[in-house]
Amino acid sequence: MADTIEKLLEDSIEIDAPADKVWALVTDIPAMSKRSPQVVKSTVKGGVVKEGATFRNLNKQGIKRWPTAGKVVRFTAPTDSSVGEFAFRIRENWTIWSFEVEPTATGGTRLTERREAPDGISQLSQVLTRFVLGGQAPFADELRRGIRHTLEKIKAEAETA
């Protein structure tokens, strides 16, 4: 029996900092290793983060390491009256990771991070998750904890910087 794949993992946090400041943090792909417990290093081809930009990650789980490649598929900065969205698709597993940056009436920001699998997850990724990363359910729980960790790190950085 195949492991069940969760199509959506999501969490949000309220941040006492303006949306443009939060936007600058979430779109800084090379700095994501400071915020995400799974990312060891990220490098953006050409150095500029924008729609269509590609990047490489080195990810980790314990002593295990694996590379992934991403492509920015949505890049819309927030304004005083609109939500910003930054999203990238991971080539190897087909997932889309995104950050929604929503200005609040109090001058703060509501930040939402999502991991979506609208097309499922690649067969290769399913096999590796099952036999190397502990299975879909435990790995999804790990990703949930990682999303929360990332949101809390971004909040702390935005509110103190």
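Rings of Phe, Tyr and Trp (for Trp, the six-membered ring) count as a pair if their centres lie within 6.5 Å. Keep in mind that this is a predicted model. Grab the structure and let's work through it.

**Exercise 1. Find the ring cluster and classify the pair between tryptophan 23 and phenylalanine 86.**

Step 1: Start with the total, which is five aromatic pairs in the structure.

Step 2: Look at tryptophan 23 and phenylalanine 86, whose ring centres are 6.4 Å apart with 80 degrees between the planes. Planes over 60 degrees apart count as edge-to-face, so this pair is edge-to-face.

Step 3: Place the two residues on the chain. Tryptophan 23 belongs to helix H1 (residues 19-26) and phenylalanine 86 to strand E5 (residues 84-90), so the pair links parts of the chain 63 residues apart.

Step 4: Check the surroundings: tryptophan 23 and phenylalanine 86 are both buried.

Step 5: Join up the ring pairs, and you get a cluster of Trp23, Phe55, Phe75, Phe86 and Phe88.

**Exercise 2. Work out whether phenylalanine 55 and phenylalanine 88 are buried or exposed, and describe how their rings meet.**

Step 1: The cut-off for buried is under 20% relative accessible area. Phenylalanine 55 comes in at 3%, so it is buried.

Step 2: Phenylalanine 88 has 12% relative accessibility, so it counts as buried too.

Step 3: Now the geometry: the rings of phenylalanine 55 and phenylalanine 88 sit 5.2 Å apart, centre to centre, with 85 degrees between the planes, an edge-to-face pair.

Step 4: This pair also links distant parts of the chain, with phenylalanine 55 in strand E3 (residues 54-61) and phenylalanine 88 in strand E5, 33 residues apart.

**Exercise 3. Trace the sheet and say why E1 and E2 each have a side without a neighbour.**

Step 1: Write down the strand order of this open, seven-stranded sheet: E1-E7-E6-E5-E4-E3-E2, with antiparallel pairing.

Step 2: Go to the edges, where you find strand E1 (8-15) and strand E2 (39-44). Each has a single partner strand, so one side of each lacks a neighbour in the sheet.

Step 3: Add the twist: on average, neighbouring strands are turned by 20 degrees against each other, direction ignored.

Step 4: Zoom in on E3 and strand E4 (residues 64-76), which run antiparallel and are joined by eight bridges. Asparagine 57, for one, has threonine 68 in E4 as its bridge partner.

Step 5: Finish with the helices. H1 packs on the sheet and touches E1, E4, E5, strand E6 (96-103) and strand E7 (109-116), its direction making about 165 degrees with that of E6. Helix H3 (residues 136-160) lies across E1, E3, E4, E6 and E7, at about 20 degrees to E1.

Definitions and conventions. Residues numbered from 1 in each chain as written. Predicted model: local features only at pLDDT ≥ 70, side-chain atom pairs only at ≥ 80, totals over all residues. Heavy atoms only, no water. Phe/Tyr/Trp six-rings, centres within 6.5 Å; stacked < 30°, edge-to-face > 60°. Helix = DSSP H or I, 4+ residues; strand = E, 2+ residues; numbered from the N terminus. Buried < 20%, exposed > 50% of the residue type's maximum accessible area, 1.4 Å probe, protein only. Pairing = 2+ DSSP bridges. Axes fitted to C-alpha atoms, helices over the stretch in contact; angles between N-to-C directions. Contact = heavy atoms within 4.5 Å.
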